[in-house]
Amino acid sequence: MRLNCRVKWRDKLLHWAFEVGIWLKGLDGILELIGGTLLLAFSPEALNHFIVVLTQHELNEDPGNWISHALRHAGNHLSSDGKFIGGIYLLGHGAVKVFLVGGILRGKLWAYPTAMIVLGIFILLQSSRMGLHFSYFMLFFTGIDIVIVLLIWREFRRAKRNAASS
């Protein structure tokens, strides 16, 4: 009886982690769509000005804030070509995530393996990029993507069982 209670608790916790991860992936996709739209809609100068205004308060409070410095560095080195490529990349990446998250949240069985394959491709691309330019930030988010793929796989098995028993 005690083991059965632990299994149910673990299943609920893993299902909760799956739901949170999927919603966060959806939110990430929406933010990528917004970012891609901004990159394509505004000039590099306007984007750089926006970054300066956005980070000024934080840098006044913490002059060593590495995120603000990284954003400013990126804004200073943003070319028209880089802006276009980055915008298209973010729009495509975000649209795929939002589409797959929508399918999973609606319980569409096709969306689970498709999401695992797409996230697997993203993981491989991120890993190859880390091989060229290592980043703990990228390593952290790649690890989260791996966990989400495992959670999707687990939920897919559960969803298939539920569909077969219906």
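This is a walk through a predicted model, helix by helix.

Start with helix H1, which covers residues 2–41. Two of its residues make a useful contrast. Glu32 belongs to H1. Its relative accessible area is 12%, so Glu32 is buried. Leaving aside neighbours within four places in sequence, Glu32 is in contact with Leu90, Leu91, His93, Gly94 and Lys97. Leu24 is also found in H1. Leu24 has 51% relative accessibility and therefore counts as exposed, since the cut-off is over 50%. Leu24 and Val101 are 77 residues apart in sequence, yet their C-alpha atoms are 9.5 Å apart in space.

Next comes helix H2, residues 44–61. Its partner here is helix H3, residues 66–76. The two pack with their axes 9 Å apart, at an angle of about 160 degrees. Angles over 145 degrees count as roughly antiparallel, so H2 and H3 are roughly antiparallel to each other. Their crossing is left-handed. Which residues meet? From H2 come Asn48, Ile51, Val52, Thr55, Gln56, Glu58 and Leu59. From H3 come Ser68, His69, Leu71, Arg72, Gly75 and Asn76. The spacing of such lists can be read against a general rule. An α-helix has 3.6 residues a turn, so residues three or four places apart point the same way.

Asn48 is worth a stop. This residue sits in H2. Is Asn48 buried or exposed? At 19% relative accessibility Asn48 counts as buried, because the limit is under 20%. Residues up to four places away in sequence aside, Asn48 touches Arg72, Gly75 and Asn76. These three are also listed on the H3 side of the packing between H2 and H3. Gln126 is another matter. Asn48 and Gln126 are 78 residues apart in sequence, and 26 Å separates their C-alpha atoms.

Move on to helix H4, residues 80–105. H4 has 26 residues. From first C-alpha to last, H4 reaches 37 Å, close to the 38 Å expected at 1.5 Å a residue. The buried residues of H4 include several glycines: Gly86, Gly87, Gly94, Gly102 and Gly103. Charged or ring-bearing side chains are not absent from that set, as Lys83, Lys97 and His93 are buried too. Leu100, Val101 and Ile104 complete the list. Recall that Glu32 of H1 is in contact with His93, Gly94 and Lys97, among others. Just after H4, Gly107 takes a positive phi of about 75 degrees.

Helix H5 follows, at residues 111–132. The axes of H4 and H5 come within 9 Å and cross at roughly 150 degrees. That angle is over 145 degrees, so H4 and H5 are roughly antiparallel to each other. This crossing is left-handed. The H4 side of the contact is made by His93, Val96, Lys97, Leu100, Gly103 and Ile104. The H5 side is made by Ala111, Tyr112, Thr114, Ala115, Val118 and Phe122. His93 and Lys97 thus appear here, and they are also in contact with Glu32.

Helix H6 covers residues 136–165. H6 has 30 residues and spans 44 Å from its first C-alpha to its last, close to the 44 Å expected at 1.5 Å a residue. At its start, a side-chain oxygen of Ser135 reaches to within 3.2 Å of the backbone nitrogen of Phe137. The buried residues of H6 are Met138, Thr142, Asp145, Ile148, Val149, Leu151, Ile152, Glu155, Phe156 and Ala159.

How do H5 and H6 sit together? Their axes come within 10 Å and cross at roughly 165 degrees. H5 and H6 are therefore roughly antiparallel to each other. H5 passes H6 in a left-handed crossing. Thr142 gives a close-up. This residue lies in H6. Its relative accessible area is 4%, so Thr142 is buried. Beyond residues up to four places away in sequence, Thr142 touches Ile123, Gln126, Ser127 and Met130.

Finish with Asn162, also in H6. At 39% relative accessibility, Asn162 counts as partly exposed. Asn162 and Lys97 are 65 residues apart in sequence and 25 Å apart in space, C-alpha to C-alpha.

Terms used: Residues numbered from 1 in each chain as written. Predicted model: local features only at pLDDT ≥ 70, side-chain atom pairs only at ≥ 80, totals over all residues. Heavy atoms only, no water. Helix = DSSP H or I, 4+ residues; strand = E, 2+ residues; numbered from the N terminus. Buried < 20%, exposed > 50% of the residue type's maximum accessible area, 1.4 Å probe, protein only. Contact = heavy atoms within 4.5 Å. Expected span 1.5 Å × (residues − 1). Polar contact = N/O pair within 3.5 Å; in protein donor to acceptor, adjacent residues only side chain to side chain. Axes fitted to C-alpha atoms, helices over the stretch in contact; angles between N-to-C directions. Parallel < 35°, antiparallel > 145°, perpendicular 65-115°, else oblique. Left-handed = near helix turned anticlockwise from the far one by under 90°.
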